[in-house]
Structure formats: C-alpha cells, structure tokens
Amino acid sequence: MTYFSIFKPHFRLRVNFKRLMTMDCQSQSKLGICTASHFLMCSVVAFYGGQNYCLYRFWEPTYEDCLNLIARLPPVASYVYRRIFKSGKSIEADNSLDYAANFSHMLGFDDPKMLELMRLYVTIHTDHEGGNVSAHTGHLVGSALSDPYLSFAAALNGLAGPLHGLANQEVLLWIKSVIEETGSGVTTDQLKDYVWKTLKSGKVVPGFGHGVLRKTDPRYSCQREFALKHLPKDPLFQLVSKLYEVVPPILTELGKVKNPWPNVDAHSGVLLNHFGLSEARYYTVLFGVSRSMGIGSQLIWDRALGLPLERPKSVTMEWLENYCKNKAA
Ligand SMILES: CC(C)(COP(=O)(O)OP(=O)(O)OC[C@H]1O[C@@H](n2cnc3c(N)ncnc32)[C@H](O)[C@@H]1OP(=O)(O)O)[C@@H](O)C(=O)NCCC(=O)NCCS
C-alpha cells in the first residue's frame, strides 16, 4: 500500500484505511509500543479520510473502527502487562469468556472472584458522563473528524493525569505510604495526622473529591460492597474503610472542598491488589481499556448526529468588562 492510494475515491480509501488499522494493531501488539510513524500515518489517513468521506455516512467506519479498537485493547494491554511485569509470555484469549473475564484471563488472573471483580471494574470505569477529562477529550478530538484511534489516544493522555485516571494508582501508593510511616496497626489519630500532613505539604488526598458528584461516588459504594462480601478481613480494605470515616470531616474542615466524599479511585487499587494485581503503575491502563467503550460509543453518536467541530467561545475585552460590571452591580 502506498500513501498515494489515499487520494483515490472514498470507497477505495475506506478499504485501505481498514487494512492500515489492522496491520498497525498487529504490529503494535508485537512490539508493545506505538511508533511515531504509526501516528504520522494515521494522521495522514485521518486527514484525507475526513476530507473525502461523505459526512452523513461517517458513523459507519467510525462504528467499525470503535468496535475493532475496543476488541483489540485487551490483547494489546495484557501483552504489555505480561511483557513488563511477568515472564513476557503472553496468554491466548479464551473466547468462551466475556470481555472483562477474558481480559483478566489474558493478564494471568483466573480466580473466579477476580473475573467477577474485573466485570465490575470494566463496567464502572466505562464512563459515567461526557464531561470528565478523558471522555471530553475523546469527543473534542473526534469533533475534528480525527479517527477513533487518534481520539482515543488523546483521551488516554488526559486519563493519565493524577487528578483524573492516575488517581487510582496514587491512592494505592498513598495508602502503602501510610503503612510504611505508621506501621500496620494505624490508629485513627495517626491517620488524621497523616491526612493533615498530606494536605499541609500542598498535596491533595487522592481518591477523595469530584468535579461533579456531591456525595459518595456510587462506583465507590459498589466496590465497597464487593470488598465486604469477598475480602472483609483484608488489612488494606480495613484501612480504606477507616479513611472513609476520617477523611471527609477533615476535607470539610478545610472549607473549600465541594465534595469531601470518596470517588471511584479510592477503592479500586485495594481490590486489584488483593487478587494479586499489585502493579499500581498498570492501573490506569485497566481504566483506559474500560473507558474505551464509553469513548467509542460517544464517537459513534457524535458522527451519527453530525455534531459540529467543538470550539470554546471567545469573548472580547468589552464583553468581559460588561460581564464583570454586571456581576459587581
Ligand atoms: C477530583 C478533583 C480534581 C476535583 O477538583 P475540583 O472540581 O476543583 O474540586 P473542588 O471544586 O471541590 O475544589 C475546590 C478546592 O478544594 C481542593 N480539593 C478538592 N479535592 C481535594 C482533595 N481530595 N484533597 C485536597 N484538596 C482538595 C481543590 O484542590 C481546590 O483547592 P484550591 O481552591 O486551592 O485550588 C479534586 O477533588 C481532587 O484533586 N481530588 C483528588 C484526586 C482524585 O481523587 N481524582 C480522581 C477524581 S475521580
């Protein structure tokens, strides 16, 4: 295939586009990395694809790309996990399993409780609304008719921030740092001191607060239910429970935190850790694989509804002055 073929009529272009993506994902799986040339090629194809493809039918290749992307993520992500953290030997998919259980199997975790946890994990991390950084970024980049692979890659860059998806890894590391400093039998007073120490050093308490929610995150609650059922005696879970009592009053006392309650990230690491998936650095990858379903379905709807290019509104200095005057009046 040459670059020249992308200038041919859109039917031909679509076939080549599909081939390119298939070829690329296989090599990506082999290498465990994305190369710069991959992004360059995708960018060129996405650009010309956007120029040539009939807009009202754009949802069709978007739909196909999203399904392919969602399907290919677990093999690629589990390959990366096995290569970085295990012997390097990848595990074949078991097509009798559902999506989440199969992902767990390919990672190397076959305990039925872990399969159940992964089902819960994938479901609650899929998406909850379109305004969070990763979902919004996927939508924003897709609004330029960038293909789903590029839009999803951009979304994951947002997910990788510690105020967003990286918080799940930060929580487990922070909880472990509590134990390192205080020992395993941490008292409520010691815990309060540690929370204040974190805040006074200018850091946030990971796993607490939310941009929109104003009560305990329901995704936290269902993970708590799972833990109460399957690992009530796990010492890290008991610490998470203690934090649920200790942190909200302290954050409330700060006076500026709009939501002092725990979010989804406050719990997930401790559950994964219990079943042996203890490599915190990998947690955001799990989050990303799960989120692909939300971001992918959003992109399909964006194209089906023909939503326009997204752009923040710009205002003039005069508008700003009038706005401030009106607010002050
Ligand atoms: C999620 C988060 C980024 C939302 O931010 P937000 O929408 O600005 O939240 P708020 O409006 O309540 O923030 C008001 C103030 O409280 C602070 N705050 C909020 N949550 C806090 C926390 N967990 N620990 C310490 N301070 C916190 C903010 O940093 C902000 O301080 P500032 O005015 O000095 O800048 C924030 O709660 C946070 O940083 N949480 C910890 C990281 C985390 O768990 N992220 C995963 C979210 S699902």
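## A tour from the ligand outwards

Begin by selecting Asn263 together with the ligand, where a polar side-chain atom of Asn263 lies 3.0 Å from an oxygen atom of the ligand. Keep in mind while looking that this is a predicted model, and that on its own the ligand has 850 Å² of accessible area, of which the protein covers 71%.

Next, add Lys256 to the selection, since here too the ligand offers an oxygen atom, this one 2.8 Å from a polar side-chain atom of Lys256. Then show the backbone of Val205, where a polar backbone atom is 2.9 Å from a nitrogen atom of the ligand. With these three residues displayed, widen the selection to the surroundings of the ligand, which comprise 18 residues; those that come nearest are Leu163, Gly207, Phe208, Lys256 and Lys258. If you now hide the ligand and look at the space it takes, you are looking at the largest pocket.

**The whole chain**

Zoom out and colour the protein chain by secondary structure, which brings up 14 helices and zero strands, so that a walk from the N terminus passes from one α element to another throughout. Switching to a surface view shows an accessible surface of about 17300 Å², and 59% of this belongs to carbon and sulfur atoms. Of the 329 residues in the chain, 45% count as buried. Among contacts with a separation of 6 or more, 77% are made by residues 24 or more positions apart, and two of the stops below show residues brought together in space from separate parts of the chain.

**Helix α12**

Select residues 265-274, which form helix α12, and notice that this helix is mostly covered, with nine of its 10 residues buried. Which residues of α12 are the buried ones? They are Asp265, Ala266, His267, Ser268, Gly269, Val270, Leu271, Leu272 and Asn273. To see what covers them, display the helices α5 (112-125), α8 (167-182), α10 (218-230), α11 (235-254) and α13 (283-304), which are included in that cover. Just past the helix, select Gly276, which follows α12 and has a positive phi, near 100 degrees.

**Ser292 in helix α13**

From the covering helices, stay with α13 and pick out Ser292, which is found in this helix. Is Ser292 buried or exposed? With a relative accessibility of 1%, Ser292 counts as buried. Leaving aside residues up to four places away in sequence, Ser292 touches Ile70, Leu73, Tyr99 and Phe152, and it is worth showing these four side by side with Ser292.

**Pro61 in helix α3**

Move now to helix α3, residues 59-85, and select Pro61, which lies within it. Pro61 also counts as buried, at 8% relative accessibility. Add Asp147 and draw a line between the two C-alpha atoms: although Pro61 and Asp147 are 86 residues apart along the chain, these atoms are separated by 9.0 Å.

**Leu145, the last stop**

Finally, select Leu145, in the loop between α6 (133-142) and α7 (148-159). What is the phi of Leu145? It is positive, at about 65 degrees, although Leu145 is not a glycine. Most residues other than glycine have a negative phi, which is the background against which to view this loop residue. Leu145 has a relative accessible area of 18%, and because buried means under 20%, Leu145 is placed among the buried residues.

How values were computed:
Residues numbered from 1 in each chain as written. Predicted model: local features only at pLDDT ≥ 70, side-chain atom pairs only at ≥ 80, totals over all residues. Heavy atoms only, no water. Buried < 20%, exposed > 50% of the residue type's maximum accessible area, 1.4 Å probe, protein only. Helix = DSSP H or I, 4+ residues; strand = E, 2+ residues; numbered from the N terminus. Contact = heavy atoms within 4.5 Å. Near = heavy atom within 4 Å. Polar contact = N/O pair within 3.5 Å; in protein donor to acceptor, adjacent residues only side chain to side chain. Areas by Shrake-Rupley, 256 points an atom, 1.4 Å probe, with all protein chains shown as cover. 1 Å grid on protein atoms, 1.4 Å probe; cavity = no way out; pocket = protein on both sides within 12 Å on 5 of 7 lines; lining within 4 Å. Sits in = over half its atoms within 2 Å of the grid points.
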